[in-house]
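Colleague: I am new to this structure. Please choose one part of it and take me through that part closely, with enough of the surroundings to place it.

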Amino acid sequence: MIMNKTCEIIQDLLPLYMDHACSEASVTMVEAHLAECKECAKIRDSMKSNPYDAALQLEKEDVLAHHAKRQKRKTLVAGAGSAGVLCIPIIVCLIVNLAVGHALDWFFIVLASMMVLASLLVVPLVAEKQRGLCTLFSFTGSLLLLLFICALYTNGNWFFVAGSSVLFGLSVLFAPYLSCVLPLPAFWARNKGLFVFTVDTSLFAVMLLCIGFHVNSRAYWKLMPPIVLFNAGFLWCLFLICRYLKISRWSRAGIANLLTGVYVFTVDRVVAWILGEARPWPGFYPNIWNFHTSDGNIKWLFLIVSIFFGLTFLGIGIWRERNARK
């Protein structure tokens, strides 16, 4: 009677056991009983090879596949409809442009503009994989094409300045996203922050070079490098300290606060020195706030607050590190 009652309990638990819905204690009890009781083990094996469960699984997969096909068909129809709507102004502009000017000039500007719009409306609907990535690349390419056509038809030499600026701006926004979705090599996959900073810095340098070749000024090539190195160097220093310096988070936050305060306080003075201008250090007049004193007062207050929090965070970090060693 005891064995029969135990078998009844185990057989009642078998469906939950097969669905992995038992507690750890129940799993242990069921497995211990199955190791000794052949009848309950046979019931367990029959539940594993139940044809009804397999049929239900196949039916579920068929339903999901059918639903996915329907959704894909709907998105394709919506994408084709959107593309058709965008073709209407293109055809109208083609006819009008030929009828009025007997040549295709501003038609290509309209065509490129519709391509930019299509990259945001049609591509997300028709792309099967990596929709965000396809949308981003198609939008960037169509936007650069629009700028190139506008520069071509206005006889301007500003395309490389505008194009490099667009690429740098988009990299600031979307480089973190690209670092997560692109199949990066192992080194960059482990250092995604470094990847983002490297891409942004490279495109920023390309933009500055394009601007330099466009303005074609000796003063630009003389003044641009030290100003850029000072400001970009601060950002890189801040990033490397916060990301790779092997100290506690509190200590890194303290160093970052100190560096930020010193940078904000000195940046105008350093840039003025590079430009060859004589500019005094900011004055501190906390009791006088007007057009002449506000800038200096704000910088001094920012420096004082940064030093206070920086030293506080450093102290907390050093104290926590000592306690951790003990």
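Modeller: Among the contacts in the protein with a separation of 6 or more, 56% are between residues 24 or more positions apart. The model is a predicted one. The protein has 13 helices and 0 strands, and 26% of its 326 residues count as buried.

The part I have chosen is Ser164 and the helix pair around it. Ser164 lies in helix 8, which covers residues 159-181. Is Ser164 buried or exposed? With a relative accessible area of 6%, Ser164 is buried, because the cut-off for that class is under 20%. Once the neighbours within four places in sequence are set aside, Ser164 is in contact with Val206, Met207 and Cys210. The C-alpha atom of Ser164 is also 8.6 Å from that of Leu208, a residue 44 places away along the chain.

Val206, Met207 and Cys210 are among the residues that helix 10 brings to its contact with helix 8. The axes of helix 8 and helix 10 (residues 192-215) come within 9 Å of each other and cross at roughly 180°. An angle over 145 degrees counts as roughly antiparallel, and helix 8 and helix 10 are therefore roughly antiparallel to each other. On the helix 8 side, the contact includes Phe160, Val161, Ser164, Ser165, Leu167 and Phe168, and further along Ser171, Val172, Ala175, Pro176, Ser179 and Cys180. Helix 10 contributes residues including Lys192, Phe195, Val196, Val199, Asp200, Leu203 and Phe204, as well as Ile211 and His214. By class, the contact between helix 8 and helix 10 is made of 17 nonpolar, 5 polar and 2 charged residues. Ser164 is one of the contact residues on helix 8, and serine falls in the polar class.

A second helix pair can be set beside this one. Helix 11 (residues 218-244) and helix 12 (residues 249-275) have axes that come within 10 Å and cross at roughly 180°. Helix 11 and helix 12 are therefore roughly antiparallel to each other. Their contact includes Phe230, Phe234 and Leu238 of helix 11, and Leu259, Tyr263 and Val267 of helix 12. The contact of helix 11 with helix 12 has 18 nonpolar, 3 polar and 2 charged residues.

This second contact also holds a ring pair. The structure has 20 aromatic pairs. In one of them, Phe230 and Tyr263 are stacked, with 5.7 Å from centre to centre and 25° between the planes. Phe230 in helix 11 and Tyr263 in helix 12 are 33 residues apart, and the pair links distant parts of the chain. Tyr263, at 19% relative accessibility, counts as buried, whereas Phe230, at 26%, is partly exposed. Elsewhere, ring pairs join Phe197, Trp236, Phe239 and Tyr244 into a cluster.

One more helix gives a check on length. Helix 5 (residues 106-121) has 16 residues, which should span 22 Å at 1.5 Å a residue, and this agrees with the 23 Å between its end C-alpha atoms. Its buried residues are Phe107, Val110, Ala112, Met114, Val116 and Ser119.

To return to the chosen part: Ser164 is a buried residue of helix 8, in contact with Val206, Met207 and Cys210.

Conventions: Residues numbered from 1 in each chain as written. Predicted model: local features only at pLDDT ≥ 70, side-chain atom pairs only at ≥ 80, totals over all residues. Heavy atoms only, no water. Axes fitted to C-alpha atoms, helices over the stretch in contact; angles between N-to-C directions. Helix = DSSP H or I, 4+ residues; strand = E, 2+ residues; numbered from the N terminus. Parallel < 35°, antiparallel > 145°, perpendicular 65-115°, else oblique. Contact = heavy atoms within 4.5 Å. Expected span 1.5 Å × (residues − 1). Buried < 20%, exposed > 50% of the residue type's maximum accessible area, 1.4 Å probe, protein only. Phe/Tyr/Trp six-rings, centres within 6.5 Å; stacked < 30°, edge-to-face > 60°.
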